[in-house]
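Reader: I have a new structure open and I'd like to learn how to read it. Could you walk me through it?

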Amino acid sequence: MQAARSSSSGTAFLADAMLGSVARKLRIFGFDTLYTAHIPDSEILKIGAELDRIVLTCDRELFKRVVKAGIRGVLLNGSGDYEDLLHIFSKCGIASVNFDAVKSRCSACNGSLIEKKPFEVKDRVPDNVAMQYKEFFECTKCSKVYWEGGHLKRIRALARKIDAGLKYKTPEEDKEKNEREMDKEKEREGEKKRGRKATMGKGALAA
Ligand SMILES: [Zn+2]
């Protein structure tokens, strides 16, 4: 697997297999984001540590290993792109997000984009697109061509919604919430252990 070095912006991510949609959005917003479908957790930990990438995962067990290894990570609940992205930005101290086509990355492969003139891409886009749009971008890695299509309205709307959400979510509040979550997690762990013992006890009785 090819792993690009972190971008100069300093915040680079590594999203696990469950988070394809979140990874694509992060790339569109310009964040260097590796997406790791079909690789073992040990490899995720290795890349996270070596490339200083923030590991994004919905997997509680993997998150525990990330924390234990001293790697930066964010545990998500996978409830939706908006909630997950808001949580990521808030945890990572990113106060604002916006869409800028020049800084955007290829949603398919994480490559950087370069501007292209309509005549340079006209053979690779539908005729009506070539006639309608003036600005095109090409991925420097996989050569996919992008233009200001209708989906960007949704991306810009998502950016505005996240920005508004971030204003009401200070890092301090989040820190407290995280501590509460950790406490709850400890409680749950305790309950699970007690539950297992009880089940084992029952099984033993039945036998
Ligand atoms: Zn690409």
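Author: Sure, let's start with one idea: a residue counts as buried if 20 or more other C-beta atoms lie within 10 Å of its own. Keep in mind that this is a predicted model.

Reader: Okay, so which residues of β2 are buried on one side and which on the other?

Author: Asp32, Leu34 and Thr36 are buried on one side, and Thr33 and Tyr35 on the other, so both faces of the strand are covered. Put as a count, 5 of the 5 residues in β2 are buried.

Reader: And how much of the chain is buried?

Author: Of the 207 residues in the chain, 26% are buried.

Reader: Now the sheet. In what order do its strands lie?

Author: Two strands pair if there are at least two bridges between them. Here, 4 strands form an open sheet in the order β2-β1-β3-β4, and the pairing is parallel. At the edges you find β2 (32-36) and β4 (73-75), each pairing on one side only. On average, neighbouring strands in this sheet are turned by 20° against each other, ignoring direction.

Reader: How many bridges join β1 and β2?

Author: β1, residues 12-16, pairs with β2 over 5 bridges, in the parallel sense. You can pick out partners by eye: Ala12 stands opposite Asp32, and Ala15 has Tyr35 as its bridge partner.

Reader: Which helices pack on the sheet?

Author: One is α1 (residues 20-28), touching β1, β2 and β3 (54-57), with its direction at about 160° to that of β2. Another is α2 (residues 41-50), which also touches β1, β2 and β3; its direction makes about 175° with that of β1.

Reader: Which residues of α1 are buried?

Author: They are Val22, Ala23, Lys25, Leu26, Arg27 and Ile28. The buried residues of α1 pack against β1, β2 and β3, and also against two helices, α4 (81-91) and α7 (151-167). Right after α1 comes Gly30, with a positive phi near 95°.

Reader: What about the path from β1 to β2: is the crossover right-handed or left-handed?

Author: Look with the strands pointing away from you; if the path over the helix runs clockwise, the crossover is right-handed. The chain goes from β1 through α1 to β2, and this β-α-β crossover is right-handed.

Reader: Stepping back, how many helices and strands does the chain have?

Author: There are 8 helices and 7 strands. As for contacts between residues at least 6 apart in sequence, 56% of them join residues at least 24 apart.

Note on methods:
Residues are numbered from 1 along each chain as its sequence is written. This is a predicted model: local features need pLDDT of at least 70, side-chain atom pairs count only at pLDDT 80 or more; totals for chains, interfaces and linings use all residues. Axes are lines fitted to C-alpha atoms, for helices over the stretch in contact, and angles run from 0 to 180 degrees between N-to-C directions. Two residues are in contact if their C-beta atoms, placed from the backbone, lie within 7 Å. A residue is buried if 20 or more other C-beta atoms lie within 10 Å of its own, exposed if 12 or fewer, and partly exposed in between; C-beta atoms are placed from the backbone.
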